[in-house]
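This briefing covers a ligand site, the empty space in the protein, and two points of backbone geometry. The sequence and structure come first, and the notes follow by topic.

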Amino acid sequence: MKTLLLIDIQNDFMPGGALAVSGGDKIIPLVNALIPQFELIVATQDWHPAEHGSFAANHAGKSPFEPIDLDGLPQTLWPVHCVQNTGGALFAPGLDTRRIDRVFTKGMNPRIDSYSGFYDNGHRASTGMGEWLKVQGIIELSIAGVATDYCVKFTVLDALKEGFRVNLIASACRGVNLQLGDVDRALAEMQAAGAVIQS
Ligand code: VGL
Ligand code: ZN
């Protein structure tokens, strides 16, 4: 079954959002045009509690984008974003959500971040998405969304580790580029791990 996996296409990652990804809104018409080409549509949502440990605001004296240690793992601190049941966590306006068959949320445990749609950053807990996709008989995923250099990248790398064939639809992804070149490096890393990078 041709399957499209949409990563974190949420208000807070769109221009004007709390953790805006430059050009994030440009992917929406492309994603809407892709949807009719697929039989199964799965989406992830970054879905943090307000007290999440990835938020700089929850660490006295720390600022967004600073590195810290969070429960033994390196963590980049972020602005407060995608808080459960707030407008910033909603799917971006204009995204055609009618054919989304299943949504997997991630990032609910305040002690650990979860960039991948499959596992938290320590591979300590699964979201259930990989198991569910396998039960559906899915062997190949086409992936689009934000951010190329964080949640898209870690989802792609986990999908490959889980044995899925992966097509990354690069034109329908945008990244943060905290450091110049991060998106290009992420694309190279995904390709080296076995993803097919489609424009
Ligand atoms: C993301 C940083 C923090 C993403 C989520 O969706 O790429 N990035 N939380
Ligand atoms: Zn997040």
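A residue counts as near a molecule if one of its heavy atoms lies within 4 Å of it. The model is predicted. By that cut-off, ligand 1 is surrounded by residues that include Asp8, Asp46, His81 and Tyr150. Ligand 1 sits in the largest cavity, and the protein also has a pocket search result, treated separately below.

**Ligand 1 and its shell**

- The surroundings of ligand 1 are made up of Asp8, Phe13, Leu19, Asp46, Trp78, His81, Tyr115, Val146, Ala147, Tyr150 and Cys151.
- Sorted by class, this shell holds eight nonpolar residues, one polar residue and two charged residues.
- Aspartate 8 has a side-chain N or O atom 2.7 Å from an oxygen atom of ligand 1.
- For aspartate 46, a side-chain N or O atom is 3.0 Å from a nitrogen atom of ligand 1.
- Histidine 81 places a polar side-chain atom 3.0 Å from a nitrogen atom of ligand 1.
- Ligand 1 would expose 260 Å² if taken alone, and the protein buries 100% of that area.

**The cavity**

- One cavity of 30 Å³ or more is found when the whole structure is searched.
- The volume of the largest cavity is about 110 Å³, and this is where ligand 1 sits.
- Its lining consists of Phe13, Leu19, Asp46, His48, Trp78, His81, Asp113, Tyr115, Ala147, Tyr150, Cys151 and Val176.
- Eight of the residues lining the largest cavity are nonpolar, two are polar and two are charged.
- Asp46 and His81 are among the residues that line the largest cavity; Asp46 has a side-chain N or O atom 3.0 Å from a ligand nitrogen, and His81 has a polar side-chain atom 3.0 Å from a ligand nitrogen.

**The largest pocket**

- The largest pocket encloses about 200 Å³ of space.
- Strand 6 (140-146) and strand 7 (165-174) are the elements that each give two or more residues to the lining of this pocket.
- The pocket is lined by 16 residues, and those nearest its centre are Lys2, Phe38, Glu140, Ser142 and Asn167.
- By class, the pocket lining has seven nonpolar, six polar and three charged residues.

**Backbone geometry**

- A cis peptide bond joins valine 146 to alanine 147, with omega near -10 degrees.
- Alanine 147 lies in the loop between strand 6 and helix 3 (148-161), and both Val146 and Ala147 belong to the residues around ligand 1.
- Asparagine 85, a residue other than glycine, has a positive phi, near 60 degrees.
- The loop that holds asparagine 85 runs between strand 4 (73-76) and strand 5 (102-106).

Conventions. Residues are numbered from 1 along each chain as its sequence is written. Chains are lettered from A and ligands numbered from 1 in the order in which they are written. This is a predicted model: local features need pLDDT of at least 70, side-chain atom pairs count only at pLDDT 80 or more; totals for chains, interfaces and linings use all residues. Side-chain values use heavy atoms; hydrogens and water are left out. On a 1 Å grid over the protein atoms alone, a cavity is a set of points where a 1.4 Å probe fits but cannot get out, and a pocket is an open set with protein on both sides within 12 Å along at least five of seven lines; lining residues have an atom within 4 Å of a point. Grid points are joined across faces, edges and corners, and a volume is the space filled by probe spheres set on the points. Helices (H or I, at least four residues) and strands (E, at least two) are DSSP runs, numbered from the N terminus. Ala, Val, Leu, Ile, Met, Phe, Trp, Tyr, Cys and Pro count as nonpolar, Asp, Glu, Lys and Arg as charged, and the others, Gly among them, as polar. A polar contact is a pair of N or O atoms within 3.5 Å; within protein, one must be able to donate a hydrogen and the other to accept it, and residues adjacent in sequence count only if both atoms are side-chain atoms. Accessible areas come from the Shrake-Rupley method with a 1.4 Å probe; for residues, only the protein chains shown count as cover. A molecule sits in a cavity or pocket if more than half of its atoms lie within 2 Å of its grid points.
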